Amino acid sequence: MKVAVFSTRHTDKAFLQKQNEAFQFEIHFFESGLQEQTASLADGFDAVCAFVNDDLGRDVLLKLKELGVKIIALRCAGFNQVDLETAKELNIPVVRVPAYSPYAVAEHTLALLLCLNRKIHRAYNRVREGNFNLEGLLGFDLHDKTVGVVGTGKIGKVVVQILQGFGSKVLCYDPYPAPDLKEVSSDLNSLLYNSDIITLHCPLTPQSYHLINEEVILQMKDGVILVNTSRGALIDARAVIKGLKSGKVGGLAIDVYEEEGDLFFEDLSNQVIQDDVFARLTTFPNVLITGHQAFFTDRALTNITHTTLSNLSEFQQGLALTNQIVI
Ligand code: NAD
């Protein structure tokens with residue numbers, strides 16, 4: 001089976017090549033992201049393997065169908081980038097990697113929170129310049145702070161466990177709560193308005209789009225810290241900038257950004273960033289941004305690669321697709 005891998009970076013290639021020794025697919029790696037202009041690269045391929053910021057909207061799917069692509073294998077968990085209705089209409093199954101290491105993302109979430117709170121990003125630079133002044137580096141104890149966890153699926157649950165280890169008071173919200181999590185409440189507003197820190201672990205859906213918006217921020221606790229390692233569009237970045245400028249929002253730590261498709265995974269260090277909202281965010285001392293790297297651990301990549309290749313193997317053998325997204 002011929003597989004076209006889009007948005008390939010050196011690490012993806014290394015992991016896929018190594019594990020493909022056991023599968024023997026004919027894999028071609030493309031550095032380009034998948035979009036209307038690049039979809040023709042998939043000509044002659046049976047499968048397309050795509051990543052988080054690839055465009056699998058209607059036009060691209062129509063083009064892929066025309067080129068003979070029979071399956072889309074996402075090497076990620078989220079699937080908000082896929083027009084599932086169109087994929088269904090075209091009879092192109094879409095498979096994904098539902099779980100690879102919730103610990104990778106949960107631990108990165110805490111890394112961001114701890115770094116932002118204790119100003120490690122600023123302290124690191126100061127010490128390198130011989131500046132040992134502590135002014136501006138004051139943090140707070142996570143112990144006894146109230147942390148709201150929105151979404152208590154695989155990642156949210158691990159975040160809750162880690163926070164409990166810190167002695168934080170944890171409030172949780174999930175519309176479909178797992179029965180074993182007793183902290184889950186059905187009252188999202190109570191969580192949003194009573195938490196010192198809010199961390200997002202739910203998928204991006206029409207219901208969760210701009211969950212954090214101007215109106216909601218106004219009712220939050222003064223100085224609230226927001227953390228988002230899920231999907232950028234859960235947060236209205238313009239509203240958060242307003243909150244940061246007024247001091248209502250005490251800090252923001254994000255690994256995802258609504259318009260990250262034009263930025264993340266690329267070296268743009270020699271270019272002028274055109275996104276003014278993003279550029280403004282990078283100017284705040286109390287904003288910490290990583291470029292969608294929460295998943296990026298060796299175990300997670302090993303599991304992503306193995307599940308992706310197993311998903312393709314099931315398709316090749318005509319087996320039921322364990323990880324198909326069914327709507
Ligand atoms: P999951 O499906 O196990 O859990 C998601 C939970 O969110 C579920 O329990 C679901 O009931 C709940 N939920 C659904 N709609 C909600 C809403 N409107 N409000 C609150 N909760 C809601 O998913 P997961 O593996 O825990 O991943 C969570 C998110 O993390 C994914 O959707 C993905 O976007 C993101 N993610 C990011 C990275 C990264 O590298 N930054 C990596 C993996 C996943």
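These exercises work through helix packing, empty space and backbone angles in a predicted model.

**Exercise 1. Helix packing**

Determine how helix α1 and helix α11 are oriented to each other, and list the residues that hold the contact.

*Solution.*
Step 1. Locate the helices. α1 covers residues 10–20, and α11 covers residues 298–316.
Step 2. Take the geometry. Two packed helices are described by the angle between their axes and the distance between the axes. Here the angle is about 55°, and the axes are 10 Å apart.
Step 3. Classify the angle. Roughly parallel needs under 35 degrees, and roughly perpendicular runs from 65 to 115. α1 and α11 are therefore oblique to each other.
Step 4. Assign the hand. The crossing of α1 past α11 is right-handed.
Step 5. List the contact. α1 brings Thr 11, Phe 15, Leu 16, Gln 19 and Asn 20. α11 answers with Asp 298, Leu 301, Thr 302, Thr 305, His 306 and Leu 309.
Step 6. Sort by class. The contact of α1 with α11 holds four nonpolar, six polar and one charged residues.

**Exercise 2. The largest cavity**

Find which residues line the largest cavity, and which element gives the most to that lining.

*Solution.*
Step 1. Set the method. Rolling a probe the size of a water molecule over the atoms shows where empty space is left.
Step 2. Count. Three cavities of 30 Å³ or more turn up in the structure.
Step 3. Size the largest cavity. Its space is about 80 Å³.
Step 4. Read the lining. The residues are Asp 12, Phe 15, Leu 16, Phe 51, Arg 75, Phe 295, Leu 301, Ile 304, Thr 305 and Thr 308.
Step 5. Assign elements. α1 and α11 supply at least two residues each. α11 gives the most, with four.
Step 6. Link back to the helix contact. Phe 15, Leu 16, Leu 301 and Thr 305 line the largest cavity, and these residues also take part in the contact of α1 with α11.
Step 7. Sort by class. The lining has six nonpolar, two polar and two charged residues.

**Exercise 3. The second largest cavity**

Describe the lining of the second largest cavity by residue, element and class.

*Solution.*
Step 1. Volume: about 70 Å³ of space.
Step 2. Residues: Gly 232, Ile 235, Ala 237, Val 240, Leu 252, Ile 254, Val 256, Tyr 257, Glu 258 and Leu 281 line the second largest cavity.
Step 3. Elements: α9 (237–246) and β11 (249–254) give two or more residues to this lining.
Step 4. Classes: the lining residues split into eight nonpolar, one polar and one charged.

**Exercise 4. The largest pocket**

Characterise the largest pocket by volume, lining and contributing helices.

*Solution.*
Step 1. The largest pocket has about 1,400 Å³ of space.
Step 2. Its lining comprises 49 residues. Nearest the centre are His 201, Cys 202, Pro 203, Leu 204 and Ser 230.
Step 3. Two or more lining residues come from each of α4 (102–118), α6 (154–166) and α7 (188–194). α6 gives the most, with four.
Step 4. By class, 28 lining residues are nonpolar, 14 polar and seven charged.

**Exercise 5. Positive phi**

Place Lys 119 and Phe 265 in the chain and give the phi of each.

*Solution.*
Step 1. Recall the norm. Most residues other than glycine have a negative phi.
Step 2. Check Lys 119. Its phi is positive, near 55°. Lys 119 sits in the loop between α4 and α5 (120–128).
Step 3. Check Phe 265. Its phi is also positive, at about 75°. Phe 265 belongs to the loop between β11 and α10 (276–281).

Methods
Residues are numbered from 1 along each chain as its sequence is written. This is a predicted model: local features need pLDDT of at least 70, side-chain atom pairs count only at pLDDT 80 or more; totals for chains, interfaces and linings use all residues. Side-chain values use heavy atoms; hydrogens and water are left out. Axes are lines fitted to C-alpha atoms, for helices over the stretch in contact, and angles run from 0 to 180 degrees between N-to-C directions. Angles under 35 degrees count as roughly parallel, over 145 as roughly antiparallel, 65 to 115 as roughly perpendicular and the rest as oblique. A crossing is left-handed if the near helix is turned anticlockwise from the far one by less than a right angle, and right-handed if clockwise. Contact means heavy atoms within 4.5 Å. Ala, Val, Leu, Ile, Met, Phe, Trp, Tyr, Cys and Pro count as nonpolar, Asp, Glu, Lys and Arg as charged, and the others, Gly among them, as polar. On a 1 Å grid over the protein atoms alone, a cavity is a set of points where a 1.4 Å probe fits but cannot get out, and a pocket is an open set with protein on both sides within 12 Å along at least five of seven lines; lining residues have an atom within 4 Å of a point. Grid points are joined across faces, edges and corners, and a volume is the space filled by probe spheres set on the points.
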